[in-house]
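The following exercises train the reading of a helical model. Please study the sequence and the structure before turning to the solutions.

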Amino acid sequence: MNSKVLSRLCIFFFGFPLVIALILLKQYNHIVLHTVIAAASFLASAELYNIFSHNFKLQNKGVVIVLSGLIHL
């Protein structure tokens, strides 16, 4: 089985129910869901910074990642 197919199946069978469970968990105003969203935002901004750094001169990496990761709050 192709590794892309395997990773997509894992996301479907583990990630999708996990997201649904986090949405249904209503403790402390969905704090767990907000924490997962913030972590995903930090990881995505770090990846985008690495992609853009090959072609452009950018600001300090720490500042960019922290500010872009906290923008949804």
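**Exercise 1: Leu24 and Leu25**

Leu24 is exposed, because its relative accessible area is 60% and exposed means over 50%, whereas buried means under 20% and partly exposed lies in between (1.4 Å probe, protein chains only). The model is predicted: local features need pLDDT of at least 70, side-chain atom pairs count only at pLDDT 80 or more, and totals for chains, interfaces and linings use all residues. Residues are numbered from 1 along each chain as its sequence is written, and side-chain values use heavy atoms, with hydrogens and water left out.

Task: Locate Leu24 and Leu25, and classify Leu25 as buried, partly exposed or exposed.

Solution.
- Step 1. Leu24 lies in helix H1, where a helix is a DSSP run (H or I, at least four residues), numbered from the N terminus.
- Step 2. Leu25 lies in the loop between H1 (3-24) and helix H2 (31-52).
- Step 3. Leu25 has a relative accessible area of 35%, so it is partly exposed.
- Step 4. Apart from neighbours within four places in sequence, Leu25 is in contact with His30 and Val32; contact means heavy atoms within 4.5 Å.

**Exercise 2: The span of H1 and H2**

Task: Compare the end-to-end distance of H1 with its expected span, and do likewise for H2.

Solution.
- Step 1. The expected span is 1.5 Å times one less than the number of residues.
- Step 2. H1 has 22 residues and should therefore span 32 Å; its end C-alpha atoms are 31 Å apart, which agrees.
- Step 3. H1 nevertheless has a kink of about 30°, centred on Phe12; the bend at a residue is the angle between axes fitted to the seven residues ending there and the seven starting there.
- Step 4. H2, also of 22 residues, reaches 31 Å from first to last C-alpha, close to the expected 32 Å.

**Exercise 3: Burial in H2**

Task: State which residues of H2 are buried and what covers them.

Solution.
- Step 1. The buried residues of H2 are Leu33, Ala38, Ser41, Ser45, Ala46 and Tyr49.
- Step 2. Their cover includes H1 and helix H3 (61-69).
- Step 3. Ile51 also lies in H2, but at 44% relative accessibility Ile51 counts as partly exposed.

**Exercise 4: Distances in sequence and space**

Task: Give both separations for Gly62 and Ala46, and for Ile51 and Ile20.

Solution.
- Step 1. Gly62 lies in H3.
- Step 2. Gly62 and Ala46 are 16 residues apart in sequence and 9.0 Å apart in space, C-alpha to C-alpha.
- Step 3. Ile51 and Ile20 are 31 residues apart in sequence and 30 Å apart in space, C-alpha to C-alpha.

Technical notes
Helix = DSSP H or I, 4+ residues; strand = E, 2+ residues; numbered from the N terminus.
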